[in-house]
Amino acid sequence: MSAETSQVKLPEAFFHEESGAVRFWVRTAGGGSMGAIARKAVLHFRFQEVASGVDALQTYLENQAEIHAAVLRRIAAGSLEPVILRESDFNAR
């Protein structure tokens, strides 16, 4: 990863009301970035949180490391952008 690439800030995550999902970006191993989507229902069921839009974004922020790890596993398995997370992408809690 070059110093120039690693210094580029990723866009901020946000809740997309029309799709009912948190949209965010993950830094890839090669230094680039890839967009990903986690529906509020997936976040609700995985993390046992309230399923509103604001709460979905907060749940994403509180569990960002685990969510990003799930995205990186999907990328390693060949997923293309945007990576859409499913309940099965997370280990049982």
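Biologist: Where is the place of Pro82?

Modeller: Helices and strands here are DSSP runs, numbered from the N terminus (H or I over at least four residues for a helix, E over at least two for a strand). Pro82 is in the loop between α4 (64-76) and β4. The bond joining Glu81 and Pro82 is a cis peptide, with omega about -5°.

Biologist: What should I keep in mind about the model?

Modeller: It's a predicted model, where local features need pLDDT of at least 70, side-chain atom pairs count only at pLDDT 80 or more, and totals for chains, interfaces and linings use all residues. Residues are numbered from 1 along each chain as its sequence is written, and side-chain values use heavy atoms, leaving out hydrogens and water.

Biologist: Which elements have the lowest and the highest mean pLDDT?

Modeller: pLDDT is the predictor's confidence in each residue, from 0 to 100. Helix α1 (residues 3-7) has the lowest mean, 53, and β4 the highest, 98. The protein chain averages 88, and 86% of the residues score at least 70. Over residues 1-5 pLDDT stays under 50, and the model has six contacts (heavy atoms within 4.5 Å) for them beyond four places in sequence.

Biologist: How many aromatic pairs does a search of the whole structure find?

Modeller: Rings of Phe, Tyr and Trp (its six-membered ring) pair if their centres lie within 6.5 Å; planes under 30 degrees apart are stacked, over 60 edge-to-face, the rest tilted. The search finds three pairs. Take Phe24 and Tyr60: their planes are at 35° and their centres 4.6 Å apart, so this pair is tilted. It links distant parts of the chain, Phe24 being in strand β2 (residues 21-27) and Tyr60 in helix α3 (residues 53-62), 36 residues apart.

Biologist: Are Phe24 and Tyr60 buried or exposed?

Modeller: Buried means under 20% relative accessible area, exposed over 50%, partly exposed in between (1.4 Å probe, protein chains only). Both Phe24 and Tyr60 are buried. Phe47 and Phe90 make an edge-to-face pair, 5.7 Å centre to centre with 75° between the planes. Phe47 is in helix α2 (residues 40-47) and Phe90 in the segment after β4 (83-84), so parts 43 residues apart in sequence are tied together. Phe47 is buried at 2%, and Phe90 at 7%.

Biologist: Which residues of α2 are buried?

Modeller: An α-helix has 3.6 residues a turn, so residues three or four places apart point the same way. In α2 the buried residues are Val42, Leu43, Arg46 and Phe47. Down the axis they fall within an arc of 100° (taken from directions to the C-beta atoms), so they line one face of the helix.
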